Structures are given as C-alpha cells and as structure tokens.
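Hello,

Here is the structure for you to look through. My notes follow below it.

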Amino acid sequence: MPKKVLIVGAGGFIGGFIAAESLRRGYETWCGVRESTSRRYLTDPALRFITLDYDNPERLAEQLKGHRWDYIVYNLGATKCVNFMDFNRINYCYLRDFVDTLTDVGALSERMVYMSSLSAIGPGDEKNYTPLNGDSIPCPNTRYGLSKIKAETYLQSLPKEFPWIILRPTGVYGPHEQDYLMMIKSIDSHLDFGVGMRKQMLTFIYVEDLARAIFDALEKAPLHRKYIISEPRAYTQKEFRRIVSKALGRKLVIPVRLPLWALSVACKISEKWGAAKMKAVTLNTDKYKIMSQRNWSCDVNPAITDFGFSPKVDLEEGIRLTVEAYKGSKQAH
C-alpha cells in the first residue's frame with residue numbers, strides 16, 4: 001500500500017508543485033483546500049481532495065475524523081495581508097488549531113513537515129555577512145516572520161510524541177510565482193530596480209527543488225529539527241540581473257538604484273492605498289524590511305548531512321525555466 005500524504009494549503013503556487021512531487025513518488029496524495037480555493041494547479045486526476053474549515057475547529061474535527069495520513073505537509077500560510085493581525089490568525093492560530101485537532105482525532109501516523117520561512121530568523125550579520133544557520137537566534141523584524149516563529153515555537157512546545165520537522169526556505173521562485181515575476185518583467189522592460197547602496201547577498205530555491213526537499217525530509221530527516229532550504233550559494237543583484245537578462249535575451253538593462261528612504265516612502269504609500277481598497281499589496285512595511293535586509297546568505301549543511309538535500313536546479317537554469325513559462329503565458333494572452 002502506498003503511503004498517504006495530506007498537503008494542507010495545496011492550492012497556491014508551491015502547493016501545486018508539492019502535489020506533483022508527491023504523485024511522482026507514488027504516494028496517495030490528498031489536497032487540503034477551502035471551499036473557495038482555486039484548483040488551477042491541481043488538475044491531475046489522481047489527486048484526492050478534502051475541504052478543510054480552518055476558522056471552525058469543531059467543523060475541522062468532523063472533516064478530519066476517520067482519516068489517517070502517514071505524512072502531512074503543512075503549507076498553509078499568508079505572505080501578505082490587508083490587516084496585519086491576519087498574519088497571526090492565519091500563520092499561527094490556524095496551525096495551532098489544526099495540530100490540536102489532528103492530535104485529538106488521531107489523523108497523523110508518522111510525521112509532519114511545517115513550511116516556515118527564512119524570515120522567521122530575521123536579519124543576519126550585515127557586517128561580515130556570516131551565513132544564517134539553524135543556530136541563529138530568531139529575531140524576526142516583520143509581522144510575517146513573527147507569525148512564523150510563533151508557529152514554530154508552538155510546535156516545539158508540544159509533547160515529544162508529535163513528529164514535526166520544520167523547513168525554512170529562502171526566496172522560492174519558479175513558474176506561476178508572482179513577486180520574482182515582477183522583477184523579471186521589470187528587466188524585460190530594460191530596467192532593474194535595486195534598493196540600498198550597500199552590498200546585498202540574495203539566496204533562492206527553485207520550487208521543484210523545494211518540493212523534493214520536503215519529501216526527502218519526510219522520508220529521511222530526524223524528527224524535531226529545523227532546516228534552512230536554499231541553493232547553497234548567494235548572488236549579488238548584479239549577478240541576478242545578468243542571469244535574468246540572458247534568459248530574456250535583453251542586452252541593454254539599466255540598473256536603477258533606489259535609496260532605502262525612497263523604498264520606505266513607496267511602501268508606506270502602497271500600504272495605505274491597499275488598506276483603503278481593502279486589498280493585500282506586494283509593497284508594504286514588511287516588504288520594506290525584507291528588501292532592505294542585506295544578508296540572505298544561508299548555511300544548508302545540516303540539511304545536506306541529515307537527509308541528503310541536494311538542489312538540482314541552480315539560479316541560471318531555474319530562471320531560464322521561469323522565463324520560458326513567462327513567455328509562454330504572454331503568448332497565450
């Protein structure tokens with residue numbers, strides 16, 4: 001009998017790739033979705049669906065009762081919100097209530113991966129650019145990062161019988177992702193906007209490599225550990241621009257360097273506009289803090305040692321695949 005996997009938060013950009021990797025490994029794959037969740041990336045007929053109501057623990061218990069999964073991938077979360085209190089509700093309270101309900105009804109048999117974020121650690125060493133690692137003391141400076149570290153702390157507070165593993169991916173990119181697509185579109189228009197005058201080291205993980213890491217961790221990683229997931233090298237803004245320009249076939253790209261104060265003003269205006277329109281916006285005060293952070297270098301050696309983490313797609317190849325998908329969607333429209 002194949003193992004049964006439940007992917008909580010399967011409807012988003014990353015969720016579709018997690019589901020595809022689960023099927024590729026031969027698992028019976030269940031997608032946990034809301035009534036309103038789009039299934040545009042979940043079209044394989046082999047996928048099974050379960051509707052989950054995260055706002056109502058009693059209803060959630062009824063929905064989970066009678067099911068039992070070997071593995072659970074908890075990928076539910078919000079990266080931008082209209083009301084910043086929603087970060088706490090979605091990223092922390094939903095996780096807490098789901099885990100409590102899961103335990104009450106006995107729906108998990110082996111282990112669960114919780115998808116956290118590098119933002120849970122907060123800013124690193126911006127003087128010597130020492131890579132962030134699992135021993136870095138978390139000091140998140142964004143509301144998003146704070147909600148993620150609260151969820152991590154809750155898992156760590158559980159009795160040792162609860163079988164969690166925490167992954168902290170860096171910037172995830174690939175086909176269908178929107179934030180990096182904005183940067184690609186800008187370079188496609190011959191402009192590359194960077195922020196801050198000091199050196200910035202950026203890290204990335206291609207979405208398929210992240211999906212592979214999730215299942216390698218489920219299959220092989222020791223329990224109750226936290227792992228940073230990233231391509232094992234960092235890039236400067238200039239290197240990123242060169243790679244994207246090459247993939248787009250753009251020879252002339254003008255780098256535009258914005259001072260941090262200008263980014264701060266733009267983010268505050270965008271945030272106020274979003275609040276007035278009741279719409280989550282990409283540029284906000286959280287995004288300012290993330291974009292102004294200079295050191296995103298990562299130490300991924302624990303993941304390499306413990307479960308054989310080995311990304312197959314470097315940034316050059318990943319951007320080529322992402323640009324290919326971007327060009328395909330442009331032609332389709």
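**Helix α7 and what follows it**

Buried residues of α7 are Gln 237, Phe 240, Arg 241, Ile 243, Val 244, Ser 245 and Leu 248. Buried means under 20% relative accessible area, exposed over 50%, and partly exposed in between (1.4 Å probe, protein chains only). Helices (H or I, at least four residues) and strands (E, at least two) are DSSP runs, numbered from the N terminus. Helix α7 covers residues 237–248, and its end C-alpha atoms are 16 Å apart. That agrees with the 16 Å expected for 12 residues at 1.5 Å a residue. The expected span is 1.5 Å times one less than the number of residues. Just after α7, Gly 249 takes a positive phi of about 75°.

A word on the source: this is a predicted model, where local features need pLDDT of at least 70, side-chain atom pairs count only at pLDDT 80 or more, and totals for chains, interfaces and linings use all residues. Residues are numbered from 1 along each chain as its sequence is written, and side-chain values use heavy atoms, with hydrogens and water left out.

**Salt bridges**

The structure holds 23 salt bridges (a side-chain nitrogen of Lys or Arg within 4 Å of a carboxyl oxygen of Asp or Glu). One of them joins Asp 55 and Arg 89, at 3.4 Å from N to O. Asp 55 is in the loop between β3 (48–51) and α2 (57–64), and Arg 89 is in helix α3 (residues 85–105), so the pair ties together parts 34 residues apart in sequence. Arg 89 is partly exposed, at 33% relative accessibility.

Glu 152 bridges to Arg 168, with the closest N and O atoms 2.7 Å apart. This pair links helix α4 (residues 143–157) to strand β6 (residues 164–169). Glu 152 is buried at 0% relative accessibility, and Arg 168 is buried at 1%.

Arg 212 and Asp 209 also form a salt bridge, at 2.7 Å between the closest N and O atoms. Both lie in helix α6 (residues 207–220), three residues apart, about one turn of the helix. Both are buried. Salt bridges with shared partners also join Glu 21, Arg 24, Arg 25, Asp 216 and Glu 219 into one network.

**Cysteines**

How many disulfides does the structure hold? Zero, with a disulfide being a pair of cysteine sulfur atoms within 2.5 Å. The sulfur of Cys 81 is 12 Å from the closest cysteine sulfur, in Cys 93, too far for a bond. Cys 81 is buried, at 9% relative accessibility. Cys 139 is exposed, at 53%.

Best wishes
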